[in-house]
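Student: I would like to go through this protein step by step. Please show it first, and then explain the terms as they come up.

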Amino acid sequence: MAGAPAPSQVGLSRPGKVLFPGDGITKGDLAGYYRQVAARMLPYLRGRPLALARFPDGITGQRIFQKNVSPHSPDWLPRTEVGKRDGTVCQVIADNEATLVYLANQACVELHPFLSRAGRLDRPDQFVLDLDPPGAGHFRQACQAALAARDLLEDELGLTTYVMTTGGKGVHIRVPLAVSGEFGQAREFGHALAALLAARHPGLITAEQRRERRGDRVYADIMRNSYAQTAVAPFSVRARPGATVAAPLDWSEVPDRGLRPDRFTLRTIGDRLAATGGGSDPWAGIRRRRYSLGRAGQRLARLTG
Ligand code: ATP
Ligand code: MN
């Protein structure tokens with residue numbers, strides 16, 4: 001594979017094309033945003049096959065959820081073969097800033113990476129708990145559920161957790177994993193975790209997969225912890241009015257009454273990064289310490305009793 005060009009050398013076609021009609025945000029703005037956050041975002045993308053939510057006609061037009069690399073893409077674009085039940089697909093891996101610009105030019109608004117990395121795609125290096133409130137406008141409930149999940153995961157199971165707003169309706173919690181267990185182990189852990197959370201907080205949290213049985217509760221979804229499944233990347237833009245972004249948070253920010261899912265957007269997150277000087281990254285520890293779910297799983301089993 002040829003080396004990647006300088007990001008400024010990746011051509012943009014029709015940079016003035018409006019992708020967010022309600023906000024006047026263009027393809028050029030999208031490319032500029034991804035260049036702005038590249039240094040902070042790329043560590044969460046390296047080695048991970050991407051699924052891409054593309055909007056060639058803007059976010060009010062058709063959504064293409066694309067996994068395979070287009071045959072027209074340049075030779076330098078990083079990619080990897082991903083085994084599927086009936087063959088393989090070749091997926092992009094955003095290992096450098098030039099790739100982010102290239103993807104923005106393809107109107108890839110949302111970036112959805114795997115929870116595992118090339119070389120060991122069958123073993124996760126992250127666990128994700130996806131907390132889905134019953135609807136828009138129930139974000140505080142999702143935050144309360146997240147705090148309950150943090151207390152269990154950290155104080156009782158001895159794990160370290162990282163939280164972000166998805167830029168959509170809810171929040172995600174991640175636990176960095178040692179690449180030792182299989183997805184099945186992560187799911188088994190997740191099922192037990194969600195069941196215990198629901199048992200302890202029956203009015204707030206449900207583990208019920210069937211939507212009609214969830215009622216007014218936050219759904220603790222652990223099914224993303226599967227081979228070739230994704231969770232939206234930190235700093236990904238969302239295809240929503242306002243161009244919200246998925247924003248890594250410090251836990252101290254979660255009970256904040258001013259925290260709303262649309263607090264951080266393509267236009268505003270630069271201020272947040274500048275304010276934290278790029279130095280105090282709330283997720284800085286995520287690559288430092290990794291956990292095996294073995295011992296945490298045993299503790300969880302004892303609590304479940
Ligand atoms: P929200 O906070 O609004 O729930 P979200 O990103 O968590 O935002 P979900 O619908 O809960 O959205 O999905 C969780 C994750 O699963 C997404 O981040 C995405 O990576 C993946 N996902 C969701 N829908 C699809 C889909 N239709 N195809 C593929 N992957 C999807
Ligand atoms: Mn969700």
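Tutor: Buried means under 20% relative accessible area, exposed over 50%, and partly exposed in between, with a 1.4 Å probe and protein chains only. This is a predicted model, in which local features need pLDDT of at least 70, side-chain atom pairs count only at pLDDT 80 or more, and totals for chains, interfaces and linings use all residues. Residues are numbered from 1 along each chain as its sequence is written, chains are lettered from A and ligands numbered from 1 in the order in which they are written, and side-chain values use heavy atoms, without hydrogens and water.

Student: Is Q9 buried or exposed?

Tutor: Q9 sits in the segment before β1 (18-20); strands (E, at least two residues) and helices (H or I, at least four) are DSSP runs numbered from the N terminus. Its relative accessibility is 61%. Because the cut-off for exposed is over 50%, Q9 counts as exposed.

Student: Which protein donors does the manganese ion (ligand 2) have?

Tutor: Donors are N, O and S atoms within 2.8 Å of the metal (3.2 Å for Na, K and Ca); water is not among the atoms, so sites may look incomplete. One donor residue, D130, is buried at 9% relative accessible area, whereas the other is partly exposed at 29%. The donor atoms lie 2.0 to 2.2 Å from the ion and belong to D130 (OD) and D132 (OD).

Student: How many residues of helix α2 (residues 97-105) are buried?

Tutor: The buried residues include L100, V101, Y102 and L103. They pack against α1 (27-41), β3 (50-54), β6 (87-92) and β7 (108-113), where contact means heavy atoms within 4.5 Å. Of the nine residues of α2, the number buried is eight.

Student: Which helix gives the largest share of the largest nonpolar core?

Tutor: A nonpolar core is a set of buried Ala, Val, Leu, Ile, Met, Phe, Trp, Tyr and Cys residues joined through side-chain atoms within 4.5 Å. The largest one has 87 residues, and Y34, L129, F189, L193 and V237 have the most contacts inside it. The largest share, eight residues, comes from helix α3 (residues 139-156).

Student: At what angle do helix α4 (residues 183-200) and helix α6 (residues 293-304) pack?

Tutor: Axes are lines fitted to C-alpha atoms over the stretch in contact, and angles run from 0 to 180 degrees between N-to-C directions. The α4 side of the contact includes F189, L193 and L196, and the α6 side includes L293, L300 and L303. The axes are 10 Å apart, and the angle is about 35°.
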